[in-house]
Each structure stands twice: as structure tokens, then as C-alpha cells.
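Me: I am new to this structure and would like a close look at a single part of it. Please take me through that part slowly, and then show me how charged side chains link other parts of the chain.

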Amino acid sequence: MTIRVIIVDDQAMVRAGFAALLAAQADIDVVGEAPDGRQGIDVSRRAHPDVVLMDVRMPEMDGLAAARALLDPPPGVVHVPRVLMLTTFDVDDYVYEALRAGASGFLLKDAPPADLIAAVRVVAAGDALLAPSVTRRLIADFARQRPQAASRSGAALRLNGLTPRETEVLELIARGLSNQEIAGELVLAEQTVKTHIGRVLAKLSLRDRAQAVIFAYEAGLVVPGTA
């Protein structure tokens, strides 16, 4: 199955470079591009991509606003793509907010080409791009700098709907462990771990692992700096 991708970035050379790299892959088809968030939304609504590569900082409409519009569309819009944020900064509050809005992860613009290709495939498969340690540092730093007591209280109450095992799994997700590592830690089959993760996401109304990590920090399940 071919992965349909659009690229939203205000730098024409960046768009062209990413497009050439991705289009050279047999399983990826670049179906559009845009120089700002507003046009990116229009292109996405027309082209129905599987993945949107979205720059964080752009004129007209930044990547955060565009990601929110794509991930929480108005009535009548049924297509919701996966959004992968692109940034030149390894710690950026905009990216954190985009993850909260439902973006599937982020990638530094100067990452190796192989990482970009892998990221598109990971996100298209429905997984969150949380492997780079910088992602966990981003979330931890933001949580440390901006404690939100009311938000934490509400999130903590939602934890009561999880079983003890599901809570353990959520904590290990937030600490950056893969499914295989969680299985080893809890002495479970990897398929069982996947089942627990699915139930955690469903019970907490979370889109993917990225939102699960953020939720765990906001609920106080994981203390910033200990992951």
C-alpha cells in the first residue's frame, strides 16, 4: 500500500528536497505541498494524505494552528491525516502543544534522510514517533516548567478508570519503553502488551502513544526528569 504524503513548509528548497527524497521510495507518494499552514489545510482536504509533514514555524498560519485544524476538523470533514511536525529546534513549546492536539510526533529538520523516511512509515502505520530521546526531554521539560495543578487533578482522576496492569503499562510507555521492552519488564507476551495499550488509549480517549506520554506526565504518573 502506497503512503500518501504532503509537505507543508515555508522554505521551497526544504519542500523540494523532502519531496525528492520521499518520492524516490517505492511505497511513498508525495501528493502535494504548501508554503504555509492555511494552504496546507486546503491541500490536505483535497489530496487526502495519510501523513502531513508540518513545519512548526510558518507565516500566515503556523504549524500548530494547522495541525489543530487538521486533527479536529469541522463537521462534514471526515478525512483526518496523521501529522508529523518538523522543527529546527529540539525543544519547542509549539511541538508539545501539537502533540497534545493529536500530532503523531516530531522530527528535527536536520535528521538523516533515513530517519525521515522511517518516520513517515512509522506514523503512517499508526504509531507515534517517540523513539528519539529528545521527544521525551521536550515533554519532561515542558511539564517541569509549566505545572498545571487543575489539569493534573483532572488527569489523575481519569487514571482511576485503568486497571493496575494498564496503569503499569502507561507508566512504562511514558518512560519511553518499546512494546518489546514493556513485555520483558512485565513478563508478558508482546501481543498482550499491545492489547493493554489499546485499552489504555480507548479508556483515556487518547489518539496514540504521544498523547499517552503527555497524559502520564500531566497526571503525575511520571515525574519529569525521571524517565
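**A close look at helix 9**

Reply: In this predicted model, helix 9 spans residues 179-186, and its buried residues are Asn179, Ile182, Ala183 and Leu186. These residues cover an arc of only 100° around the axis, which puts them on the same side of helix 9. The face turned away from that buried side carries the exposed residues Gln180, Gly184 and Glu185. On the buried side, the residues of helix 9 pack against helix 8 (164-174), helix 10 (190-204) and helix 11 (209-218). Just after the helix comes Val187, whose phi is positive, near 55°.

Beyond helix 9, the charged side chains can be followed in turn, since the structure holds seven salt bridges. One of them joins Glu33 to Arg15, with the closest N and O atoms 3.0 Å apart. Glu33 belongs to strand 2 (residues 28-34) and Arg15 to helix 1 (residues 12-23), so this pair ties together parts that are 18 residues apart in sequence. The two partners can also be described by their accessibility: Glu33 counts as partly exposed, at 39% relative accessibility, whereas Arg15, at 12%, counts as buried, because the limit for buried is under 20%.

Another salt bridge is formed by the side chains of Arg121 and Asp27, at 2.9 Å from N to O. Here Arg121 lies in helix 5 (residues 113-124), while Asp27 sits in the loop between helix 1 and strand 2, so the pair ties together parts that are 94 residues apart in sequence. Arg121 has a relative accessibility of 34% and counts as partly exposed, and Asp27, with 24%, also counts as partly exposed.

A further salt bridge connects Lys109 with Asp55, whose closest N and O atoms are 3.3 Å apart. Since Lys109 is in the loop between strand 5 (105-108) and helix 5, and Asp55 is in strand 3 (residues 51-55), the pair ties together parts that are 54 residues apart in sequence. Lys109 is buried, with a relative accessible area of 16%, and Asp55 counts as buried as well, at 4% relative accessibility. This pair also belongs to a network of salt bridges, in which Asp9, Asp55 and Lys109 are linked.

To return to the part you asked about, helix 9 has buried residues on one side, and its opposite face carries exposed residues, among them Gln180 and Glu185.

Terms used:
Residues are numbered from 1 along each chain as its sequence is written. This is a predicted model: local features need pLDDT of at least 70, side-chain atom pairs count only at pLDDT 80 or more; totals for chains, interfaces and linings use all residues. Side-chain values use heavy atoms; hydrogens and water are left out. A salt bridge is a side-chain nitrogen of Lys or Arg within 4 Å of a carboxyl oxygen of Asp or Glu. Helices (H or I, at least four residues) and strands (E, at least two) are DSSP runs, numbered from the N terminus. Buried means under 20% relative accessible area, exposed over 50%, partly exposed in between (1.4 Å probe, protein chains only). The arc is that of the directions from the helix axis to the C-beta atoms. Contact means heavy atoms within 4.5 Å.
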